Structure formats: structure tokens, C-alpha cells
Amino acid sequence: MRRAVYPGSFDPVTYGHLDIITRASEQFDELIVGVLRNSSKTPLFSVNERVKILKEVTKKLGNVRIESFEGLSVNFVRDCGAKVIVRGLRAITDFEYELQMAQTNRIMAPDIDTMFFVTGLEYAYLSSTTVKEVASFGGDLERFVPPYVLEEIRRKIGEKN
């Protein structure tokens with residue numbers, strides 16, 4: 001079985017993330033989306049909320065599984081029995097960072113490769129940070145996130161206010 005892991009924060013998941021998830025799921029028998037628990041960041045959504053949201057927006061993709069993890073991505077990938085890390089690229093600035101991470105991961109885990117997917121042009125500008133900033137000012141998010149995610153963002157921001 002060809003299995004890959006797409007790790008990330010997904011806080012919140014955007015149409016850009018879903019573009020990568022959908023396309024990567026077509027290339028592998030199973031795609032595991034790993035939701036990172038990062039104690040150094042203050043996320044909008046808890047890990048459990050992000051997992052729930054991702055499960056909802058990927059439920060039509062039968063070979064996608066959502067799990068949370070903490071620590072090094074290569075350890076999580078190995079624990080999942082995968083040999084490939086999936087990463088998305090939007091711009092040249094992403095490439096520099098992602099190449100550095102892929103090379104570091106390759107040194108730590110020579111048996112694990114990184115596969116890059118270039119995000120569709122319609123999502124090249126989009127990031128979770130941008131979505132959170134637009135949301136904080138009450139901006140329109142409909143072109144950035146699926147309706148379910150939009151509802152969850154509104155609910156979360158309403159709780160904070």
C-alpha cells in the first residue's frame with residue numbers, strides 16, 4: 001500500500017490545503033493528514049477542533065485519514081508506516097523553507113521522501129494566517145474556506161468576543 005502523510009497546523013484548513021489534500025489523495029492509496037499539536041503557537045482552534053473540521057471537509061475522500069500528532073514529522077510518518085511526506089508550495093518563499101525542511105528530514109530519516117505539490121494558482125496567495133487576519137476584522141471568507149469551516153470560524157470568533 002502506498003501511504004503518504006501531509007503534516008501541518010491547518011489552523012484553519014483553507015481551500016489551498018484542500019487542493020493539496022484532494023490531489024495527493026489521488027496519488028496514494030492512503031493519505032494521512034497529520035494535525036500538528038504545537039505548544040509554541042497559540043492556535044485559533046484546538047487540535048481536536050482542527051481534527052474534527054478536517055474530518056468533516058474531507059469526508060467524501062474515502063482514502064484520507066485525519067490524525068493529530070506532536071513532535072517531529074518524520075517520526076509521525078514512520079509511526080504511520082508511510083514513506084512520503086506531502087508538502088504544498090505557493091511561492092518561491094515557501095520553496096526555500098520547504099526545501100530546507102525536506103533536506104533536514106532526509107538526513108534524519110533517509111528512508112522518507114518529500115513530495116511537493118504546487119498549489120493551484122487560485123490559491124497561491126492563501127494562508128491560514130491570512131484567513132485568521134481577515135476573520136478578525138470581520139472580512140468575507142467565502143472564497144478562502146469551505147462553508148463548514150466558515151461557520152466554525154464565526155463560532156470561534158464569537159466565543160472570543
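Q: In what order do the elements of the protein chain run from the N terminus on?
A: Starting at the N terminus, the order is β-α-β-α-β-α-β-α-β-α-α. This is a predicted model, and the protein chain in it has 6 helices and 5 strands.

Q: How does the radius of gyration of the protein chain stand against that of a compact globule?
A: The idea is to set the value of the chain beside the one expected from its length. For 161 residues a compact globule would have a radius of gyration near 15 Å, and the protein chain agrees because its value is 15 Å. The C-alpha trace spans about 45 × 30 × 30 Å along its principal axes.

Q: What share of the contacts joins residues at least 24 apart in sequence?
A: Take the contacts in the protein chain between residues at least 6 apart in sequence: 76% of them join residues at least 24 apart.

Q: What percentage of the residues counts as buried, and what does the accessible surface come to?
A: Of the 161 residues, 44% count as buried. The accessible surface of the protein chain is about 8900 Å², and carbon and sulfur atoms account for 52% of that surface.

Q: Which residues touch the most other members of the largest nonpolar core?
A: In soluble globular proteins, nonpolar side chains tend to be buried together. Here the largest nonpolar core has 33 residues, and Leu 31 and Val 86 touch the most other members. Elements that each supply at least two residues of this core include strand 1 (3-8), helix 1 (15-25), strand 2 (30-36) and helix 6 (147-160). Apart from this core lies another, of 11 residues, with Ile 32, Phe 76, Ala 109 and Ile 112 among them.

Q: Which residues does Leu 31 touch, not counting those up to four places away in sequence?
A: Among them are Ala 4, Val 5, Tyr 6, Ile 21, Val 64 and Val 86. Leu 31 also touches Ser 25, Asn 63 and Arg 65.

Q: Is Ser 68 in strand 3 buried or partly exposed?
A: Relative accessibility decides the class. Ser 68 has 31%, so this residue counts as partly exposed. Leaving out residues up to four places away in sequence, Ser 68 touches Val 35, Arg 37, Val 47, Val 51 and Phe 76. Ser 68 and Ser 9 are 59 residues apart in sequence, while their C-alpha atoms are 9.5 Å apart in space.

Q: Which backbone details are found in the loop between strand 1 and helix 1?
A: Two details belong here. Phe 10 lies in this loop and has a positive phi of about 50° although it is not a glycine. Pro 12 lies in the loop as well, and a cis peptide bond joins Asp 11 and Pro 12, with omega about 0°.

Q: Why does Phe 10 count as buried?
A: The cut-off for buried is under 20% relative accessible area. Phe 10 is buried because its value is 4%.

Q: Is Glu 98 in helix 4 buried or exposed?
A: Glu 98 is buried, because its relative accessible area is 7%. Setting aside neighbours within four places in sequence, Glu 98 is in contact with Arg 87, Gly 88, Leu 89 and Phe 116.

Q: Which residues make the nonpolar surface patch of about 260 Å²?
A: Ile 92, Phe 95 and Leu 99 make this patch. Phe 95 lies in helix 4, residues 92-108. With 33% relative accessibility, Phe 95 counts as partly exposed.

Key. Residues are numbered from 1 along each chain as its sequence is written. This is a predicted model: local features need pLDDT of at least 70, side-chain atom pairs count only at pLDDT 80 or more; totals for chains, interfaces and linings use all residues. Side-chain values use heavy atoms; hydrogens and water are left out. A nonpolar core is a set of buried Ala, Val, Leu, Ile, Met, Phe, Trp, Tyr and Cys residues joined through side-chain atoms within 4.5 Å. Buried means under 20% relative accessible area, exposed over 50%, partly exposed in between (1.4 Å probe, protein chains only). Helices (H or I, at least four residues) and strands (E, at least two) are DSSP runs, numbered from the N terminus. Contact means heavy atoms within 4.5 Å. Patches are made of residues with over 30% relative accessible area and no salt bridge: like charges are joined within 9 Å, nonpolar side chains (Val, Leu, Ile, Met, Phe, Trp, Tyr) within 5 Å. Accessible areas come from the Shrake-Rupley method with a 1.4 Å probe; for residues, only the protein chains shown count as cover. A salt bridge is a side-chain nitrogen of Lys or Arg within 4 Å of a carboxyl oxygen of Asp or Glu. The radius of gyration is taken over C-alpha atoms; the globule rule is 2.2 Å times the number of residues to the power 0.38.
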